[in-house]
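Colleague: I am new to this structure and would like a close look at a single part of it, taken slowly and with the connections spelled out.

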Amino acid sequence: MAKDKSSINFEDPKLYINRELSWLQFNARVLSEAEDTSNPLFERLKFLSISASNLDEFFMVRVASLKDMINAGYKKPDIAGMTAREQLEKVLEQVHSFVDKQYDIYNTQLKPLLLEKGLEVAGEEGLTSKEIEFVDRYFDEYVYPVLTPMAVDSSRPFPLIRNKSLNIAALLKKKEKSDEIDFATVQVPDVLPRILEIPEGDDSDKPRKVILLEKIILRNMHKLFLNYDVITCSAYRVGRNADLSIDEDEAEDLLKEIEKQIKRRQWGQAIRLEVEKGIDKKLLKKITSELEVEDNEIYSIEGPIDLTFLMKMYKLEGFDDLKEHSYYPPQSVPEFETGENIFDVISKGDILMHHPYQTFENVVKFVEMAAVDPDVLAIKQTLYRVSGNSPIIAALAKAADNGKQVTVLVELKARFDEENNIVWAKMLEKAGCHVIYGLVGLKTHCKITLVVRREEDGIKRYVHLGTGNYNDSTAKQYTDVGLFTCAPAFGEDATAVFNMLSGYSEPLGWNKLAIAPLWLKDRIIDLIKREEEHARMGERARIVAKMNAICHKDVIAELYRASSVGVKVDLIVRGICCLRAGVEGVSENITVRSIVGNFLEHSRIFYFENGGSPEMYASSADWMPRNLERRVEILFPVEDAVLKEKLWHILDVELKDTEKAHIMNSKGVYEKISERNLEGTERVNSQMVFGKEAVEAVERHDPGSSRVFIPEMNPKA
């Protein structure tokens, strides 16, 4: 019997998935790539490393936040009806199982395969006498001088153990004295390589051998405590609360306050302790009592602690045959291959770029050319995360040196990039740029560049809008879209955005852009409601939305209402999804899929059928409370018919992905499509399709057309 739609409570907690548990499912999808035997071996190592790095950040921010809420006595349930304590208990329970699976994959699948392919990760027991001699000499010459063993006694308190640092703890006994047991700890130095390759010697047929730095130190611990016997020693690692707490209203100087808080990040509350399996009980008790961690925060590790070292192993030379080579490198954008001035090219019409399949270099050149163009009067740009040696930063500094008005909003509160951004902000200020440090209480997350140019017919404004950061490094790894335009309406709105960010000016109206936290959320909900009206009137109604995460209760509830009246909703959500798909009477018209592949899916693209007159948008914002209510974000329309077709094509191909897509069922559990019986089904790897199309677009190189050629989809091509 069908449910009475009017009686449905679309805000019922049972209809929502907890954010933290949803994130853990996402990381499980990343880990599944490490298990996937269709991936080359070294790519599997990379995915295992990424899953470990992801988990580190999850603890430092999300688990830390749950602990903070518990400590503060916060009892309000989340949208899934769970209190902070209930969430933490469930999270820690699932993480223990997840870590066990990580090491099962490493020990039983990847490590034996590495040996089979000619690379051995050796322990002390697997070394020959010559290899032991080499390792010990390396310790004496390179490691020993760097180490600082820290004894703990009545005059020397337990040292501060840095966040994420790998350490070795030991119990010691004086050689010629009483039975008194002493404790000491030594940090494994991060200034030395974690992986040491041992020379092959005379037998080149044997596998290449590597040994981890902590193993070298462990076998030489006795050299650090000459007057003591080392009773037992073991590696351990501490994860700490690293979420910054900044009172922006009280901070007189935001930059100085953030600099101060960054230093405190290393010494936050301990929230995770990783120890080697089989660690001596007395040694473990000493560490846990000093760090004040509970039993469910201790992880007994059967293998090397901190699997992020596998990313270093991935970079070892000589194993190219074990890496992925099916994906094309970034291709040039045909519209910019005419040899014309970049501003003349943009003047001919809007240009849409799809990264990393198309190069990010044109965005860099846009700023670089603006810096030296004598007709450019001003450059304005927002920066959230930039690369370590950013050419965009260099171009902005050069522009200021050339006498142009340069305004840069550098978001100092970009998590884990604060230190990097402070360095760039100071450098830009010294170069003569006007630097804005963001807005009080808000993070500026939008990606926008405005170039003001003097031309024969007056002042002209050129705008770049993107879904991803102005980071030439991550632009090779993240999928994003970017739009170049010189349409006056966009130029006026871009000017208004920077005036709002730099002062107190806010226009009475906007032409094209929707801005958070002002009304972007309302705009999204209005667009969803419009589809509901079309469905009620029997007209075409559909929503396809691609993003990183969706957990805003108001938006999800509106999607439920839309589904309940017949709107077809297809969501492509890489990470967190608090919406539950396929629930009868509520979300049976909603599908949710997540694509985890070679590139990190990062673009935000939205399609609204609108009764047969489709509208398409791109945005810097996910559908999360932080994006829609606590950040400056931009939603922008793509209106050119050909460019709309390009955007739709991206969504359409991803909806057909059979190789890297995972589908959510009504229980909120994901299933990888490739694990189904797909006999007779066209196999589609969307990321390979886009790479192939970018190559073919360059090969055709028709400067008069922006249309992307759509070949027969063959993921192995």
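In what sense do β2 and strand β4 pair, and over how many bridges?

Modeller: This is a predicted model, and what follows should be read with that in mind. Strand β2 and strand β4, the latter covering residues 181-187, pair in the antiparallel sense, and 3 bridges link them. One of the residue pairs can be named, for M150 has T185 of β4 as its bridge partner.

To place that pairing, it helps to look at the sheet around it. Strands of a sheet pair through backbone hydrogen bonds, in either a parallel or an antiparallel sense. Here the sheet is an open one of 6 strands, with mixed pairing and the order β2-β4-β3-β7-β8-β9. Its edge strands are β2, residues 150-152, and β9, residues 298-301, each of which pairs on one side only. From one strand to the next, the twist averages 30°.

Helix α2 packs on this sheet, where it touches β7 (228-240), β8 (270-276) and β9, and the direction of α2 makes about 135° with that of β8.

Moving along the order of the sheet from β4, we come to strand β3, which spans residues 166-174. Of the 9 residues of β3, 7 are buried, so the strand is largely enclosed by the rest of the structure. Strands β3 and β4 run antiparallel and are joined by 7 bridges, and they form a hairpin with 6 residues between them. Within that pairing, K173 has I181 of β4 as its bridge partner. Strand β3 also pairs with β7, again in the antiparallel sense, over 9 bridges, and in this case A170 has C233 of β7 as its bridge partner.

The helix that lies on the sheet has a helical partner as well, and that pair deserves the same care. Two packed helices are described by the angle between their axes and by the distance between those axes. For helix α1, residues 19-35, and helix α2, residues 41-71, the angle is about 165° and the axes are 7 Å apart. Because angles over 145 degrees count as roughly antiparallel, α1 is roughly antiparallel to α2. The crossing of α1 and α2 is left-handed. On the side of α1, the contact is made by residues including W23, L24, F26, V30 and L31, while on the side of α2 the contributors include F47, L48, I50, L55, F58 and L66. Charged residues take part too, among them R19 and E20 of α1 and R44 and R62 of α2. By class, the contact of α1 with α2 has 12 nonpolar, 3 polar and 6 charged residues.

Returning to the edge strand β9, the loops on either side of β9 each hold a residue with an unusual backbone angle. Most residues other than glycine have a negative phi, and most peptide bonds are trans. In the loop between α7 (281-291) and β9 lies E292, a residue other than glycine whose phi is nevertheless positive, near 60°. In the loop between β9 and α8 (309-314) lies D306, which is not a glycine either and has a positive phi of about 75°. The two residues differ in their surroundings: E292 counts as exposed, at 66% relative accessibility, whereas D306 is buried, with a relative accessible area of 13%.

The remark about peptide bonds can be followed up elsewhere in the chain. A cis peptide bond, with omega about 0°, joins H355 and P356, and P356 lies in the loop between β10 (351-355) and α10 (361-372). The peptide bond from A516 to P517 is cis as well, with omega near 5°, and P517 lies in the loop between β18 (514-516) and α14 (520-536).

For a view beyond the sheet where we began, strand β19, residues 542-547, offers a parallel pairing to set beside the antiparallel ones. Strands β19 and β20 (residues 568-573) pair in the parallel sense over 6 bridges, with I572 of β20 as the bridge partner of K546. Of the 6 residues of β19, 5 are buried, so β19 is largely enclosed by the rest of the structure.

Key: Residues are numbered from 1 along each chain as its sequence is written. This is a predicted model: local features need pLDDT of at least 70, side-chain atom pairs count only at pLDDT 80 or more; totals for chains, interfaces and linings use all residues. Side-chain values use heavy atoms; hydrogens and water are left out. Axes are lines fitted to C-alpha atoms, for helices over the stretch in contact, and angles run from 0 to 180 degrees between N-to-C directions. Helices (H or I, at least four residues) and strands (E, at least two) are DSSP runs, numbered from the N terminus. Angles under 35 degrees count as roughly parallel, over 145 as roughly antiparallel, 65 to 115 as roughly perpendicular and the rest as oblique. A crossing is left-handed if the near helix is turned anticlockwise from the far one by less than a right angle, and right-handed if clockwise. Contact means heavy atoms within 4.5 Å. Two strands pair if DSSP finds at least two bridges between them. Buried means under 20% relative accessible area, exposed over 50%, partly exposed in between (1.4 Å probe, protein chains only).
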